[in-house]
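Work through the exercises below with the sequence and the model in view. Each task is followed by a solution in steps.

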Amino acid sequence: MHRKYTMVLGAAIAAGMMFHMPALAAGNADKPIVWWNRQPSNSSTGELDMDALTWNDKTYYVGFDAGQGAELQGQMVADYISDHVDTIDRNGDGIIGYVLAIGDIGHNDSIARTRGIRKALGTGVEADGEIDPSPAQTNVDGSASVVQDGEIGGLIVRELASHEMKNASGATWDAATAGSTIGTWTASFGDLIDVIVSNNDGMGMAMFHAWSKEEGVPTFGYDANSDAVAAIADGYAGTISQHADVQAYLTLRVLRNALDGVDPDTGIGTPDEAGNVLSEDDFYYDEKSRSYYALNQAVTPENYKDFLDSTAVYTPVTHQLSEDAFPVKDIWLDIYNASDNFLSTTYKPLLQSYDDLLNLNVTYVDGDGQTESYLTNRLGNPNQFDAYAINMVKTDNATSYTALLG
Ligand code: BGC
Ligand code: CA
């Protein structure tokens, strides 16, 4: 039983009001919840917030395997460098210099990507048994303590600079900040930059347009948004698909199943009656953390044509549910930042396709990327909804939402 409910009950009994208790909010605390894209966790230590992940027996998280994706991104960059070792050092100083755009120093996915790059390029320094993901700020002379020089094909690899791309009002993963930061960096050490790496495509594309496209400097991102994939034809070096088509489906599907009271695996690992089903290559489920993780794929000049439309639904799960057997339900769903390229240009259109297929009437609430209360204020009447899909501004803030549910 939820603590608040117990307290209300306790107080009511103490006051001898047993039979006049005000009706409790219509069981909102027992309704299905899916945390998505931002896994409830401590933004300093990364430790999962198990209270939030097990809030009730219909609670889930949907995201992707951050470690596997980070390894792919790191490998993609390392392979590119080894394949171009004879031509990549633009100023011939024997150092392959790269800069790194960091999304959000308190977000597990961002941290994993920073670690993945440093690991693959040999520039990581261990702290507490793991690679330190802290921004190096500027490290043109190689003296920063959070990174070290690596080596590939006889050349030194140096993280010249890395920075959290947060704007003045506090929004993270900020593409505009990345676009202006590359201007600052290139103004002072442009000829040292041989490679650009970004924790996501929003920031990567901002840097590509601001500088590297023109200069022909390879730029790597993450997410496989349509515009980034298309830019591979113009020299964007590569990106990673985090299988958003699978994640968006899972986000809504876990709620559908919980609302129908069916086996949670329905239409996921086990075909539903319409024939929707995913395979082991698409995702895995970790029961302990109640988390579904989609698997990533590298998108390179070799295969990018298969990824041009990031909003295309995933064929194995495109079968319409019948409205008789699966009546329409009302879902509250928020997106923490309307300006986030991945969430707004890839994930949301996918959700909007799947909501029809699954007969879910979704109320979409778009945030500004920095104000949690802007979102929670829009959950003022949780009774109106059958289930909730939550994308937090800050991964520590799960209770700001669950507190509203009783
Ligand atoms: C995406 C980023 C996005 C972030 C927002 C990540 O999974 O890769 O592009 O900005 O989620 O939470
Ligand atoms: Ca160089």
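**Exercise 1.** Which cavity is the space taken by ligand 1?

Solution. The model is predicted, so local features need pLDDT of at least 70 and side-chain atom pairs count only at pLDDT 80 or more, while totals for chains, interfaces and linings use all residues; side-chain values use heavy atoms, without hydrogens and water. Residues are numbered from 1 along each chain as its sequence is written, chains are lettered from A, and ligands are numbered from 1 in the order in which they are written.

Step 1. On a 1 Å grid over the protein atoms alone, a cavity is a set of points where a 1.4 Å probe fits but cannot get out; a pocket is an open set with protein on both sides within 12 Å along at least five of seven lines; lining residues have an atom within 4 Å of a point.
Step 2. A molecule sits in a cavity or pocket if more than half of its atoms lie within 2 Å of its grid points.
Step 3. Ligand 1 takes the space of the largest cavity.

**Exercise 2.** Describe the largest cavity by volume and lining.

Step 1. Its volume is about 100 Å³.
Step 2. Of the 14 residues in its lining, Asn-37, His-107, Trp-173, Asp-340 and Phe-342 lie nearest the centre.
Step 3. Two elements, α4 and α9 (341-357), give two or more residues to this lining.
Step 4. By class, five lining residues are nonpolar, four polar and five charged.

**Exercise 3.** Which residues are closest to ligand 1, and what polar contacts (a pair of N or O atoms within 3.5 Å) does ligand 1 make?

Step 1. Ligand 1 is surrounded by 13 residues (a heavy atom within 4 Å). The closest are Asn-37, Arg-113, Asn-200, Asp-223 and Asp-340.
Step 2. An oxygen atom of ligand 1 lies 2.6 Å from a polar side-chain atom of Asn-37. For the side chain of Asn-200, the distance from an N or O atom to a ligand oxygen is 2.7 Å, and for that of Gln-242 it is 2.9 Å.
Step 3. Taken alone, ligand 1 exposes 310 Å² (Shrake-Rupley, 1.4 Å probe), and the protein buries 100% of that.

**Exercise 4.** Which element gives the largest share of the lining of the largest pocket?

Step 1. The largest pocket has a volume of about 900 Å³.
Step 2. Its lining holds 43 residues, and those nearest the centre are His-107, Asn-108, Asp-109, Ile-111 and Ala-112.
Step 3. Elements that give two or more residues to this lining are β2 (59-64), α3 (66-83), α4 (108-121) and β5 (130-131).
Step 4. The largest share, eight residues, comes from α4.

**Exercise 5.** What is the volume of the second largest cavity, and which residues line it?

Step 1. Its volume is about 30 Å³.
Step 2. Its lining consists of Asn-37, Arg-38, Gln-39, Ser-41, Tyr-61, His-107, Asn-108, Asp-109 and Thr-395.

Methods: Polar contact = N/O pair within 3.5 Å; in protein donor to acceptor, adjacent residues only side chain to side chain. Points joined across faces, edges and corners; volume = space filled by probe spheres on them. Helix = DSSP H or I, 4+ residues; strand = E, 2+ residues; numbered from the N terminus. Nonpolar A, V, L, I, M, F, W, Y, C, P; charged D, E, K, R; others polar.
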